[in-house]
Amino acid sequence: MKALEIEGLTKRFGGLTAARDISFSVEGGEILGLIGPNGSGKSTVMKSILGVERPTSGSVRIKGVEVAGWPPHKIARLGVGMVFQHSRPLHRQTVLENIALALTPDSLWRLLPDPATMAKARAIAERVGLSGVLDRKPATLPFADLRRIELAKAIARDPAVVLVDEPFAGLTARETGAFSELIAEMRHDGRAVLIVDHNVKSMASLADRVFAMYVGERIAEGPPQAVMNDETVRRVYLGGALTTASRPESAFKDAATPFLEVEGVDVFYDRAQALEKVSLHVHQGEFVAVVGLNGAGKTTLFNAISGLIPYRGVIRREGRSLAGVSPASIAAGGIVQAPEGRDLFTDMTVAENLDMGALRLKAGERTERLDWLFDLFPRLKERLRQTAGTLSGGEQQMLTIARALMTKPDLIILDEPTLGLAPIVMEQISKALERLRQTTDITVLLGEQNVTFALPHADRVYVLEHARIVWEGPPGRFAEEAGGRYI
Amino acid sequence: MNHSLRGAGFGAALAVSALATPVLADDAPIKIGVIAENQAVAGSSIPQAAQLAADEINAKGGIGGRKIQLVSYDDHSSSAEAVRAFQRAVNEDHVNAVIASYASEVVLALEPWAARLKTVMITPGAASDVITENIAKNYEANKYTFHGYLTSGSLARLVCASAKDMMVDAYKMKTAVVMSEDAAWTKPLDAGYLKCLPEIGLKVLDEVRFSPNTTDFTPIFNKIEGLKPDVIITGISHVGVQPTVQWKSQQVPIPMFGISSQATNSTFWKDTNGAADGVLFQAVSGPGVAVTPKTLPFVDAFQKKFGNAPSYAGYTAYDEVYMIAEAVKRAGSMDEAKLVTAMEATDYVGTIGRIEFLPKSDPHVHGLRIGKGYITGLFLQWQDGKQVNLWPADLANGKIKFPAFVKVGSAK
Amino acid sequence: MLGWQILIDGFAISSLYALGATGFTLIFGVTGVLNLSHGGLMVAAAVGAWAAGSYWGFGALASAAVGVGACLILALATYGLIVRRLQLTTKIREEEKEIFILTATLLWGIMIQEAIAYLFTNNAKTVLPIVEGVVELAGVRTPKNELFTALICWIAIAGLWLAVNRSRVGKILLAASMNPRGVTLLGVELSRVYLAVWVIYGALAGVAGVLLGMFLGVSSYSAGPLTASAFSIVVLGGLGSVSGSLIAAYVVGYLETLTAYLISPAYREIPALLLLVIVMYVRPRGLLGRR
Amino acid sequence: MARAFGPLLIALVVAFCLAFLPLWVSGYILGLLTTAYYFGVFSMAWDLLFGFANEVNFGPTFLIGLGAYTAGILDSLYQPPIAVCVAAGALAAVLGGVVLALPALRVRGPYFGLTTLVAVLILQNFIVVFADLTGGEIGLTVPDVISVSDKVNYWIALGFMSFSGLVLYGLSRSPVGLILQASGQDAVQAGALGFNVVKHKLASFIVSAFFSGLAGALMVFYLGVASVGTFVDIAVGVQVIVGAVLGGRRTILGGALGAIFLIGAGELLRPLGDLSNFIVSAVALVVVLVFPGGLMGLLGGSREAA
């Protein structure tokens, strides 16, 4: 009997199929990695196991018991523990009390703390390396220790199955090592472990097997190395053969003071470090791509440039620091973002959305600009009177880019323009970018996890990984020098 | 925690020491507690008028050499605060009697406490019949409570008496609709109306009761108008400005006549922007009306001292201090049971008429006796920003006048 | 006849409810704030207009202007002194700010109410009417004031609709209500947007308050019930949906008028309350609510 | 663990000292504090729902009023022993709590808030409509009271508040309280730890309702009267909520502190007359704006502010 068995799991949200016919199993003492880019459906699978989502069809068995449709607390008590990515401990309680909470039986009559529970909590805390901070409040702890609390809570009830969501997000290299050991220990204890993450690399040394998903479907399964070398996986993550059209950095006139300079920028969310000493620059007229997996820090970087979040370090535009400038002034000044979440005005028509980008334009300029945009994205012209919320994902993405372009930006930041889009739509957007690059001298800063999409346009590429820039160079050298760190 | 408590204790202790003096033997002052709603127009006159009476008595040497001392409490229109104040008045400040509140809710909450703590209490303004009914139900326990103002039932009879002269006899009116807010005090009032209006020759076409939270009176007036009565007999207190203004703006062609407590306020004209013109309302006093020889001197003294006219509860509160003082004198002791007997023997001409309490045999024992020779009340009308008295004829200082939109006697 | 009466009377009171609720829902829609001092602001407008008329002898129009002005100033104070402070503070966790804004605006409303009671007593007051007299409408004698009230309400609502859908500022407001971040990213300062919303809100609440004072009369006690009524209508219609609020205002207004005519004026409020409870159980996001 | 019970220890010592207050302060202060103590229980019971179950209940007076009126009506109709009336009041409030919990498990935020508010308005309307039974808006006078002595009433209220504080605070710090807090904070994570969120939230409504109703019923037999203005009006609910937020949310004991502060401050400012309510509201507003941790936060320093 397997500890965890998924068979034919399908989950639909309205017309969207988030997971289709997924089957896998994990035995006690085994670690399975579940990977896939954003929107691949891995979270849906995880939620279905937890009982947060009810599967549309298929079966989820824990220790042979069918649990599909059960409420979460019953599944948990049957033997499923979960390490959440975002820890939300009780802030007024100590670390020990937080762990003891996970050991408390689900009874209304447990009014006094049980000494045996406390002893057990202590023992668990020791195992995950928290014995030094038992009596501290979570608010005073470093981020890694908060993750340890989550880990302790997940194994407190001695579950047969443990789900771990993005275990290494926000951790430093050393902490990552320590965390890997803790997870390996679970395997040693005979638990079935399911690690959910974006890519194989982070868990290559840890997982026994890897199960890869893409747009709701299984694309590969096997030992980590085999999955990393799998053709389909490589295509999804790295794309096929590339033709690049990069221009050398010396081709740009503002070599001394680049248009945009980011220098040693640090960003923290609570105690998790989202950017660590990040430096990059973009020249006037240059097309720069920042590639990195989801959670690497791309959006954080762009939000820092747009002034939306506080940061340490310096960001300069044409040599002048942007510190203290309001996000709206930065945007009004010409650094405009087409954000990852699109941030469209969903109940307004396409025309009205575009008009919102034309607030500072004169009437004549506006028409001229519109004509140019319709030339770039003919689809938008057809959809002019339709409300933005009813557009397809690809059309929404075009509108997002067009709305940003409407403002006549000096620098446009494109954050994950291909997220969740079908290949054919990606192709259309790619063509539009191509034309943009060829027909105008616009400056572009593109953030992508889809390397295939990013590299053909880029003059230079930065690779962002775990909050740091780990590689910089022309796109032509990417595959051989940085491709391996990427899958 | 300690901190705020010490503060509270300290402040209140100061207040207490300023008010309470030790109880001495024979020349100890007669202490009267006054519990009132100081922020409300009607309530604020109560402690002021009582103080005026006490000052007058003390200026003349007090009662048998004993001064009257008042202890005032503000109940913020809250029963809970009034109960607290009553407890303090009796247990702490050792008052001999309490004058309490114009709100029925508050007086009814205090009534059992008067019984429990065996202390004479008299209200200068509450209207609920239940107060006296409770006394009738359990005289021995509740005999400490006196109803120093007109009960709803009495008010109904006074309204009928004046309606007979002013509406039926003068304008040959035959039909009426009763319009009252849905409240406890209007239940006996409406019952009284339904009983006495037919007796004076006014057929009651309907009784319209509406929620006291009503803001839009359009449906109510339309409904009434549809019945084509000659007159609307009112029973309103919680509302007043709103129905009056809408009566005017809708040009309801039927006169409003009856109880309208807010209309007795001197600010009513201003509050309604003059829509009050023509409104007829029952009152126990009116500007410049000498109901008894004591009325005008009281009003003048009050005006001089406090800069405004007293509310209806001010008149009664003023009288009640005198009544208690006389009762103490008659009883010759501070014994509460004797004081009750002495109060029951009250026959006093005050500012609103001659006051006598109904005897034990009456279902409204300790209520005021009404009718000719006792309290008849007045009937006033707002005319050009002034309250003019129209009834009874010997006290009238003006003639009845209606705004143009009111079609008296023609609405058939 | 009765049918016409119900139709006409219900229309006026419903229009007033609609105008009162529109500002409330606008503020919620654009800034996410449930302003529990709403009733206090409306009463301040009415009492301000009343005071201008009876103390300083202003004419009807000038009084009304004073009332609206008073409301506008208080609305800006609500935003500047309370709401903005709470929105910007880092001492309170984001997820707790809602309850803090609710509590703070509630207290602010009580302060306004008590200040009015202190300065002008808690007697009910009526604002000098701009038009007087009556007209016959389908055999129903209707006060011109009632028609005037309905008319102004609709002019104000239509004006708001035009402003939102036809003007640049309006478009920005609309956009901000759908996606505040999107507006920022296009170079518009949200703080200015919010200021504009509060100005519009203050004017709408002011007009509603003055009309209420003119048509029905208000006292400082009305503050709480007015807030509760706006809150109910807005939730019934679906939070943040202006058209939902308009529909809900008419549902409540007519339900109350029907009850008053056909059952008894004493039970006026009850059916509307019960309806609200039923809607909350059956369709928790309100009639036209999106979330 | 010792630290968790520190505040409780201090509170109990303070309560013990307060028990001797009748020896040297006037009956008036005692009456004031008696009311304040009952309000303290109201606020503490509200904080259990708000601070731990994370449910913003705008209608605490729905529960309080049910308790008060059930007890009062029972007493005026049949005059059973007071204890029976009080128990019936608490039971009615518990039933009301369950009724209130049903929408709470379905709708969130402002929607739940409005549902609770409407519950109060409906109760208020029914009290007026069934005036024969309830005494309507002028209130219901009950034939019995617990005692006419202000000292006895004071001790009963103090004892009851201490008992309620002990139970509610103990509950909030007990394993069950922690589960409730976790459920309120994040239902998904609590479920993943094996806790039945629905069960625990329902239980919290029942406990909160029980103490609200019990306090309401006891207060009826202290005042001798049940009235809308004292037990049901929205303004009373506002005072309960402001007391809890002022005292410091999520502290239970802060509720008592805040309620006593509000009533005490209102009394201290009484010489200012009508302005007193204005100033109390203003002070409360300043505390909310400047010290979001409330009075408990101020006393405990910034340590608890998180």
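Start by selecting strand β8 of chain A, residues 192-197, in this predicted model. Here 6 of the 6 residues are buried, so β8(A) is largely enclosed by the rest of the structure. Show the side chains to check both faces of the strand. Ala192(A), Leu194(A) and Val196(A) lie on one side, Val193(A), Ile195(A) and Asp197(A) on the other, and all of them are buried.

Next, add the strands that pair with β8(A). Strand β3 of chain A, residues 30-35, pairs with β8(A) in the parallel sense over 6 bridges. To find the register, pick Gly33(A), whose bridge partner in β8(A) is Ile195(A). Then select strand β7 of chain A, residues 161-165, which runs parallel to β8(A) and is joined to it by 5 bridges. For this pairing, pick Val161(A), which stands opposite Ala192(A) of β8(A).

**The open sheet of chain A**

Move on to the sheet that contains β11 of chain A. In what order do its 4 strands come? The order is β12-β11-β14-β15, and the sheet is open with antiparallel pairing. The edges are β12 (272-282) and β15 (320-321) of chain A; each has a single partner strand, so one side of each is left without a neighbour in the sheet.

Inside the sheet, select β11 (residues 260-269) and β14 (residues 312-317) of chain A, an antiparallel pair held over 5 bridges. A residue pair to pick here is Asp266(A) with its bridge partner Arg312(A) in β14(A).

Now add helix α9 of chain A, residues 298-305. The helix lies across β11, β12 and β14 of chain A and runs at about 65° to β12(A). Is this helix buried or exposed? Of its 8 residues, 8 are buried, so α9(A) is largely enclosed by the rest of the structure. The buried residues are Lys298(A), Thr299(A), Thr300(A), Leu301(A), Phe302(A), Asn303(A), Ala304(A) and Ile305(A). Follow the chain past the helix to Gly307(A), which has a positive phi, near 80°.

**Chain A as a whole**

Zoom out and display chain A alone. The chain has 17 helices and 20 strands. Along the principal axes, its C-alpha atoms fill a box of roughly 75 × 45 × 45 Å. How does its radius of gyration stand against that of a compact globule? For 487 residues such a globule would have a radius near 23 Å, and chain A, with 24 Å, agrees.

Colouring by burial would mark 48% of the 487 residues as buried. A contact map gives another view of the chain: among contacts between residues at least 6 apart in sequence, 68% join residues at least 24 apart.

**Where chain A touches chain C**

Bring in chain C. The contact between chains A and C takes 21 residues from chain A and 14 residues from chain C. On chain A, select α10 (327-332), β16 (335-338) and α11 (350-357), each of which supplies at least two residues to this side. By class, the side of chain A that touches chain C has 11 nonpolar, 6 polar and 4 charged residues.

**A helix pair in chain C**

Stay with chain C and select helix α1, residues 2-31, together with helix α9, residues 223-237. Their axes come within 9 Å and cross at roughly 70°. That makes α1(C) roughly perpendicular to α9(C). From α1(C), the contact uses Tyr17(C), Gly20(C), Ala21(C), Phe24(C), Thr25(C) and Phe28(C). From α9(C), show Leu226(C), Ser229(C), Ala230(C), Ile233(C) and Val234(C). Between them, the residues in this contact are 8 nonpolar, 3 polar and no charged.

**Chains B and D**

Finally, display all the chains. Chain A and chain B do not touch, and their nearest C-alpha atoms are 22 Å apart. Which chains share the most contacts among the 5 pairs that touch? That pair is B and D.

The contact of chain B with chain D takes 37 residues from chain B and 35 residues from chain D. On the side of chain B, select α1 (2-19), α3 (79-92) and α4 (104-116), the elements that give two or more residues. The largest share, 10 residues, comes from α1(B). Coloured by class, the side of chain B that touches chain D shows 16 nonpolar, 13 polar and 8 charged residues.

Key: Residues are numbered from 1 along each chain as its sequence is written. Chains are lettered from A and ligands numbered from 1 in the order in which they are written. Axes are lines fitted to C-alpha atoms, for helices over the stretch in contact, and angles run from 0 to 180 degrees between N-to-C directions. Angles under 35 degrees count as roughly parallel, over 145 as roughly antiparallel, 65 to 115 as roughly perpendicular and the rest as oblique. Two residues are in contact if their C-beta atoms, placed from the backbone, lie within 7 Å. Ala, Val, Leu, Ile, Met, Phe, Trp, Tyr, Cys and Pro count as nonpolar, Asp, Glu, Lys and Arg as charged, and the others, Gly among them, as polar. Two strands pair if DSSP finds at least two bridges between them. A residue is buried if 20 or more other C-beta atoms lie within 10 Å of its own, exposed if 12 or fewer, and partly exposed in between; C-beta atoms are placed from the backbone. The radius of gyration is taken over C-alpha atoms; the globule rule is 2.2 Å times the number of residues to the power 0.38.
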